[in-house]
Structures are given as C-alpha cells and as structure tokens.
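Good morning, and thank you for the time. I should like to take you through one model, beginning with the display on the screen.

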Amino acid sequence: MPIFPNNIAQAADKVVTQADADRLFVLTDEHTHDLCLPLLSSVRSLNNAQHITIGATDIHKDIASLTHVWQQLVQGGATRHSLLLCLGGGMVTDLGGFAASTFKRGIRYVNIPTTLLAMVDAAVGGKTGINFCGLKNEVGVFSEAMEVIISTDFLRTLDAENLRSGYAEMLKHALLSSESLLSQHLGFDLAAPNLNRLQELVCLSVDIKSRIVESDPHERGLRKALNLGHTIGHAFESMAMEKGRPILHGYAVAYGLACELWLSTQLKGFPQSAMRQVATFVRNFYGRAAITCDDYEHLYELMSHDKKNVAGQINFALLSKVGKVELDCHASKDLIFESLDFMREGL
Ligand SMILES: NC(=O)c1ccc[n+]([C@@H]2O[C@H](COP(=O)([O-])OP(=O)(O)OC[C@H]3O[C@@H](n4cnc5c(N)ncnc54)[C@H](O)[C@@H]3O)[C@@H](O)[C@H]2O)c1
Ligand SMILES: [Zn+2]
C-alpha cells in the first residue's frame with residue numbers, strides 16, 4: 001500500500017535514505033520538472049541525484065524516450081543498486097517503471113505520481129510500458145514500484161480537466177466498493193476541490209484498487225472489475241481521437257460509466273436511483289459525449305475490437321448493486337444503442 005504523508009519532502013527523504021542506493025536518478029517530464037520538482041527541493045538525500053527529463057504527454061511514451069532514459073542511466077553510471085524516482089503523471093510512471101524494470105534486468109524504482117489519474121490508477125498496480133507501432137501500452141512488463149508516495153499537494157498546479165479525468169477512476173472504484181463510499185464521492189465538490197479532503201478520498205480509492213490488484217495481479221479474473229465503464233469508454237476515446245478531437249481518458253470513462261450503469265439497471269437489476277445519481281454527477285462535471293446516433297454503428301464496431309473481448313463477444317463488467325460486480329457480461333446491440341441514447345438524452 002502506498003504512503004500518504006502530510007509532508008511529501010520528509011516522506012521522500014525517508015524512502016530515498018532507506019533505499020541506500022549507490023546512485024539516484026529523478027525522472028520528470030518537462031512540466032513536472034518545472035512544477036513538481038520544486039516541492040522536493042528540500043529533500044537532502046536528493047542533493048546529488050541526476051535528473052532525466054523527457055517530453056510531456058502520451059506522444060512521448062515511446063521507444064525514443066525510453067532509449068533516452070536508458071542512455072542517461074548508462075552515462076550516469078547506474079548499477080543494479082541504483083534507484084530511479086519517477087515524478088510525474090501516468091506517462092512518466094509507466095515509462096519510468098518500464099525503463100527501471102528492464103535496465104540491467106531490473107533496478108528499483110519509486111513512483112511519486114503528480115496527476116490524480118496517476119495517484120489512483122497508473123502509479124499503483126505494477127503495470128508499466130510504452131506505446132509502440134501506434135498501439136497503446138503495446139510493450140511493457142508487470143513490475144511493482146519499490147514504494148509509491150502520494151500527496152495531493154502536487155495537484156495545486158494541475159488543470160481542472162486533468163483533475164476531473166482522474167476523478168472518474170475514483171468514481172469507478174467507489175462504485176466497485178460500497179454505497180457509503182459512493183455517496184462520499186458524489187458529495188465531493190469537483191468545481192472547488194478541497195485537496196485535504198481529496199487526499200482522504202484518494203487514500204480510500206487506492207485501497208480499493210490495491211485490494212483488487214492483490215487478489216489478481218495478472219488480470220486473470222477479478223481485476224477485470226476495473227474495466228467498469230471502460231468497454232464503452234474506450235470506444236468514445238478512440239472515436240474522439242479518430243475525429244481529431246481527442247478527449248481525456250477519464251472523460252471517456254465517465255461517459256462509459258453512465259452507459260454501463262444504465263446497462264446494469266437493465267440486465268443486472270442495479271438500482272435506478274444510484275444510476276441516476278452517478279449519471280447526474282457525470283452530466284454536471286463532464287458534460288455529454290459529443291456523439292450523434294450516426295456514430296452508433298462505428299462505436300459498436302470499436303467495442304467489438306476491444307482486446308478484452310473473448311470469442312468475438314463484447315465483454316462488460318457490470319454491477320448488480322454498488323460493490324457487487326458481475327464479470328463477462330454481454331448485452332445485445334439494441335440495448336447498447338439504448339444506453340448510448342441514455343448518455344445523450346437521458347435525465
Ligand atoms: N499503468 C497503469 O495501470 C495505467 C493506468 C491508467 C493509465 N495509465 C497511463 O497513464 C497515462 C496517462 O496518465 P496521466 O493522465 O497522468 O497523463 P500525463 O502523465 O500525460 O499527464 C498529463 C499532463 O499533466 C502534466 N502534469 C503532470 N503533473 C502535473 C502537475 N502536478 N501540475 C501540472 N501539470 C502536471 C503532464 O506534464 C502532462 O502534460 C497514459 O499513458 C495511460 O496509458 C496507466
Ligand atoms: Zn481507466
């Protein structure tokens with residue numbers, strides 16, 4: 001389980017000191033180098049750390065950045081007893097974790113996530129990798145960080161859209177957990193976020209993901225629960241990309257959650273009231289997916305190509321109630337289209 005310190009600099013100092021590494025490297029992207037590294041300026045154990053910086057955003061989660069990190073490790077004299085600290089969003093923790101796990105057959109790395117999405121999702125759970133040949137996360141390994149240190153202090157500089165994007169994964173975790181946690185999440189004011197309160201909710205959210213991952217580290221069963229909202233969400237994300245108007249992952253997940261909860265009411269008896277509460281929250285903070293009924297066939301085709309499908313059937317994780325997931329569910333094409341109607345016009 002990650003560490004949730006009150007004082008990020010002190011916590012980082014302790015983790016780095018205890019690691020007793022022969023050489024230290026800090027990986028950032030060009031934004032987190034400027035905006036997040038200063039929060040660690042008082043960490044004495046990092047005084048002699050060597051800095052590696054790569055370009056920001058997912059287009060740089062590629063083989064060229066990976067090669068750059070490996071080169072910097074070689075030139076900086078890294079050995080198997082060195083430590084890489086990944087300070088950034090999911091792009092940096094995914095690529096940094098992969099670089100560390102493959103360098104000299106694996107050196108230790110610590111994640112300090114700086115986006116909400118990385119805090120509740122990317123930085124925990126041990127999935128690392130890069131995009132390759134135009135395919136997302138095509139090459140990578142499962143490899144756990146030595147430690148993950150989470151502080152919402154970093155979120156002061158994060159834009160509202162990226163904050164909302166990460167929050168969608170928190171909503172998903174709450175739905176997989178309990179009614180009480182869901183109502184706490186629906187009660188949070190995303191328009192004027194209180195970062196101390198958010199730190200508490202992040203802690204609860206990470207706990208839910210960690211438990212699911214622990215029970216199924218290689219995604220053979222229960223971890224599929226984390227796909228809630230993602231079957232339809234990924235189709236929205238891909239279509240937006242194709243239209244040249246990309247949307248953040250969490251926005252696509254939020255729309256996907258609204259659709260898949262609607263499917264859950266139809267197929268699994270999920271309560272209408274909870275579904276409407278979540279759909280209203282999504283409408284208020286994420287708006288509506290920019291689709292028309294002319295897009296339905298193509299969205300369906302995109303869902304049919306999801307790599308998580310089995311035997312050509314579109315696979316959903318649905319809920320029979322809050323906290324009770326049903327894996328490997330199927331829905332007719334008509335019902336999926338109705339769920340898209342609900343997303344566009346419902347409520
Ligand atoms: N490994 C996993 O299990 C897992 C899970 C979910 C997502 N991911 C991956 O995570 C990546 C997306 O992560 P992300 O949403 O964090 O994107 P990101 O890392 O690209 O960060 C988004 C933007 O925010 C900037 N940024 C980061 N921290 C900031 C801060 N504190 N203040 C201001 N700006 C800041 C970044 O420089 C970037 O421009 C994708 O590559 C995705 O595949 C991995
Ligand atoms: Zn996701």
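I shall speak about the ligand shell, then one helix, then one serine.

This is a predicted model, in which local features need pLDDT of at least 70, side-chain atom pairs count only at pLDDT 80 or more, and totals for chains, interfaces and linings use all residues. Residues are numbered from 1 along each chain as its sequence is written, while chains are lettered from A and ligands numbered from 1 in the order in which they are written.

Around ligand 1 there are 29 residues, of which H31, G89, G90, M91 and T115 come nearest; a residue counts as near if its C-beta atom, placed from the backbone, lies within 6 Å. Sorted by class, this shell holds 10 nonpolar, 12 polar and 7 charged residues, with Gly counted as polar.

Next, helix α9, residues 230-242; helices here are DSSP runs of H or I, at least four residues, and strands are runs of E, at least two. Its 13 residues should span 18 Å at 1.5 Å a residue, and the end C-alpha atoms are indeed 18 Å apart; the expected span is 1.5 Å times one less than the number of residues. Of those 13 residues, 10 are buried, meaning that 20 or more other C-beta atoms lie within 10 Å of their own. The buried residues pack against α10, α12 and β8, contact being C-beta atoms within 7 Å. Just after α9, G244 takes a positive phi of about 75°.

Finally, S151 sits in the loop between β7 and α6. S151 is buried, with 23 other C-beta atoms within 10 Å.

Technical notes: Buried ≥ 20, exposed ≤ 12 C-beta atoms within 10 Å, placed from the backbone. Contact = placed C-beta atoms within 7 Å.
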